[in-house]
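Student: Can we go through this model and check how its labels are earned?
Tutor: Sure, here it comes.

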Amino acid sequence: PAGMVLSVLVILLLSVLYEAVKMGKAVLLRRALLALPRSLSQEALTEPQEGDSDPTQGSPLLMAFPISLPRWFWFHVCQTLFHVVQVVLGYMVMLAVMSYNAWIFLGAIVGSTLGYFM
């Protein structure tokens with residue numbers, strides 16, 4: 001009985017975490033869209049924004065390996081990592097539900113409900 005209760009709690013927490021990652025990904029997408037330049041031309045994507053200091057000016061070696069990447073690029077990297085975590089959590093919960101245990105299934109449903117509610 002204690003093992004089953006622990007299993008249900010773990011699945012419940014995984015489901016809550018899945019929903020939290022899903023919401024975090026949506027918030028990050030909104031921030032990434034706000035970080036995009038107004039003009040989507042190649043020049044606007046590669047040139048620094050007004051007021052930014054560019055440490056690579058004047059040095060050909062530093063210009064070949066840019067140190068500061070645009071903000072939208074880092075948002076995209078974070079979104080990719082959030083997506084990987086979301087997919088892994090989703091498959092873990094799916095595999096647990098496919099054990100066809102009613103308590104595990106209820107734990108996943110309650111966890112998803114709590115995660116969405118929070």
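Tutor: What follows is a short round of questions on labels and their cut-offs.
Tutor: This is a predicted model, where local features need pLDDT of at least 70, side-chain atom pairs count only at pLDDT 80 or more, and totals for chains, interfaces and linings use all residues. Residues are numbered from 1 along each chain as its sequence is written, and side-chain values use heavy atoms, with hydrogens and water left out.

Student: How many helices and strands are there in the chain?
Tutor: Five helices and zero strands, counting DSSP runs numbered from the N terminus (helices: H or I, at least four residues; strands: E, at least two).

Student: How do you know that the span of H1 agrees with its 34 residues?
Tutor: The expected span is 1.5 Å times one less than the number of residues. That gives 50 Å for H1, and its end C-alpha atoms are 49 Å apart, so the two agree.

Student: What makes the crossing of H1 and H5 right-handed?
Tutor: Right-handed means the near helix is turned clockwise from the far one by less than a right angle, left-handed anticlockwise. The axes of H1 (residues 2-35) and H5 (residues 102-117) cross at roughly 35 degrees and come within 7 Å; the crossing is right-handed.

Student: Why is Val-8 in H1 called buried?
Tutor: Because buried means under 20% relative accessible area (exposed is over 50%, partly exposed in between; 1.4 Å probe, protein chains only), and Val-8 counts as buried, as do Ile-11 and Leu-12, among others in H1. What covers the buried residues of H1 includes helix H4 (71-97) and H5.

Conventions. Axes fitted to C-alpha atoms, helices over the stretch in contact; angles between N-to-C directions. Contact = heavy atoms within 4.5 Å.
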